[in-house]
Structure formats: C-alpha cells, structure tokens
Amino acid sequence: MPLPVPIHCAQLFFDGRCRLCAREMALLRKHKRPGLVLVDIHTLMNIDSSVRQQMLLELHMSLPDGRWLRGVDASVSAWSFTWFGFLLQPLRWKIFAPLVDKLYKHWAARRYCNLYGECSISK
C-alpha cells in the first residue's frame, strides 16, 4: 500500500507493468525535485475497476489544488519537476498540441491493447 502523500505534492499515476512507462518513471524519479510523487496504479488497492482502466489507458496527474491532468498534459507537467522539463513545453504549443495529443492517444490505446488484450477501447 502506498504511503500517504503530503497534500502539497502532485501525484503522477502510471502503469508499472508497461516496460517503457517504468523506464520513463525511473528516469523521472532520478531527476525530479520534491513535490512530485510517482504512483504505480497497480499498487492502489481500493480502486474501482472502471477507474483503474481509465487510469491505465493514459497518464493521470492529480495536482495539490484538486485539478487533474491527463495524457501529454500530465507528462509535460511531471517533467516540469526536473531541471530540463522546459524542453517539453513546445509539445503544448497550439501549433503542436493537437497532433501530439492525437499521437499520444493512439500510442496509449495500442499500448493498453498489447498489454491487457482489451482492444475495443475507442481511440
């Protein structure tokens, strides 16, 4: 069971069974500053199966103010806790964001399908 998270910390929820995701989180864990907690979704015991599925489909980040970020927004925000996170900011520029979001959603759906065999998820 995960330890309680301080109320002033952001939490990034990721799929620890995804090898690529786990490698990225190891790199993030190595370089991040305090204020971000990384949570493997599979460590959460009391979570509804439909909520678990949605969280496994894409990254989710809860912010200290109660807001939630998903997908690329969650990733870019998580990497902002590193000294080089500014390099990802262009992914959220209006000119790039729609394409980046579309590519991420497609990749995330395929990743979920390959790992869990549930391929009827709308992409």
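Is Arg-70 buried, partly exposed or exposed? Select Arg-70 to begin: with a relative accessibility of 44%, this residue counts as partly exposed. Keep in mind throughout that the model on screen is predicted.

**Stop 1: the partner of Arg-70**

Add Glu-58 to the selection. Glu-58 and Arg-70 form a salt bridge, and their closest N and O atoms are 2.4 Å apart. Glu-58 sits in the loop between H2 and E3, while Arg-70 belongs to strand E4, so the pair ties together parts that are 12 residues apart in sequence. Glu-58 is buried, at a relative accessible area of 9%. Side chains of opposite charge can pair when their charged atoms come close.

**Stop 2: the sheet**

Now show the strands. Four of them make an open sheet in the order E2-E1-E3-E4, and the pairing is mixed. Which strands stand at the edges? They are E2 and E4; each has a single partner strand, so one side of each is left without a neighbour in the sheet. On average, neighbouring strands of this sheet are turned by 20° against each other, direction ignored.

Select E1 and E3 together. These two strands run antiparallel and are joined by three bridges. On this pair, look for Phe-13, which stands opposite His-60 in E3.

**Stop 3: the helix across the sheet**

Select H3 (71-79). This helix lies across E1, E2, E3 and E4, and runs at about 110° to E4.

**Stop 4: the nonpolar cores**

Next, select Leu-12, Leu-28, Leu-36, Leu-38 and Met-61. These are the residues with the most contacts inside the largest nonpolar core, which has 21 residues. E1, helix H1 (19-31), E2, H3 and H4 each supply at least two residues of this core. Which element gives the largest share? H3 does, with five residues. Apart from this core lies another, of nine residues, including Phe-13, Leu-44, Ile-47 and Met-55. In soluble globular proteins, nonpolar side chains tend to be buried together.

Return to Met-61 and show its surroundings. Leaving out residues up to four places away in sequence, Met-61 touches Ala-10, Gln-11, Leu-12, Leu-36, Arg-67, Trp-68, Leu-69, Ala-74, Ser-77 and Ala-78.

**Stop 5: helix H2**

Select H2 (49-57). The buried residues here are Arg-52, Met-55, Leu-56 and Leu-57. What covers the buried residues of this helix? The cover includes strand E1 (10-14), strand E3 (60-62), strand E4 (68-70) and H4.

**Stop 6: His-42**

Step back along the chain to His-42, in the loop between strand E2 (36-40) and helix H2. The side chains of His-42 and Arg-17 are joined by a polar contact of 3.5 Å. Not counting residues up to four places away in sequence, His-42 touches Asp-15, Gly-16, Arg-17, Arg-52, Leu-56 and Tyr-116. Of these, Arg-52 and Leu-56 are among the buried residues of H2.

**Stop 7: Thr-82**

Move to the loop between helix H3 and helix H4 (97-116), and select Thr-82. Is Thr-82 buried or exposed? Thr-82 is buried, with a relative accessible area of 4%. A polar atom of its side chain lies 3.1 Å from the backbone nitrogen of Gly-85. With neighbours within four places in sequence set aside, Thr-82 is in contact with Leu-28, His-31, Lys-32 and Arg-33. Leu-28 was selected earlier, at the largest nonpolar core.

**Stop 8: Ile-95**

Stay in the loop between H3 and H4 and select Ile-95. Ile-95 is exposed, with a relative accessible area of 67%. Add Ala-74: the two residues are 21 residues apart in sequence, and their C-alpha atoms are 19 Å apart in space.

**Stop 9: other salt bridges**

How many salt bridges does the model have? The count comes to five. Besides the pair at the start of the tour, select Asp-65 and Arg-67, whose side chains meet in a salt bridge of 2.7 Å, N to O. Asp-65 counts as exposed, at 51% relative accessibility.

Finish with Arg-92 and Asp-101. Their salt bridge has its closest N and O atoms 2.9 Å apart. Asp-101 is partly exposed, with a relative accessible area of 25%. Add Asp-73 to the selection: Asp-73, Arg-92 and Asp-101 are linked in a network of salt bridges.

Terms used:
Residues are numbered from 1 along each chain as its sequence is written. This is a predicted model: local features need pLDDT of at least 70, side-chain atom pairs count only at pLDDT 80 or more; totals for chains, interfaces and linings use all residues. Side-chain values use heavy atoms; hydrogens and water are left out. Helices (H or I, at least four residues) and strands (E, at least two) are DSSP runs, numbered from the N terminus. A polar contact is a pair of N or O atoms within 3.5 Å; within protein, one must be able to donate a hydrogen and the other to accept it, and residues adjacent in sequence count only if both atoms are side-chain atoms. Contact means heavy atoms within 4.5 Å. Buried means under 20% relative accessible area, exposed over 50%, partly exposed in between (1.4 Å probe, protein chains only). A nonpolar core is a set of buried Ala, Val, Leu, Ile, Met, Phe, Trp, Tyr and Cys residues joined through side-chain atoms within 4.5 Å. Two strands pair if DSSP finds at least two bridges between them. Axes are lines fitted to C-alpha atoms, for helices over the stretch in contact, and angles run from 0 to 180 degrees between N-to-C directions. A salt bridge is a side-chain nitrogen of Lys or Arg within 4 Å of a carboxyl oxygen of Asp or Glu.
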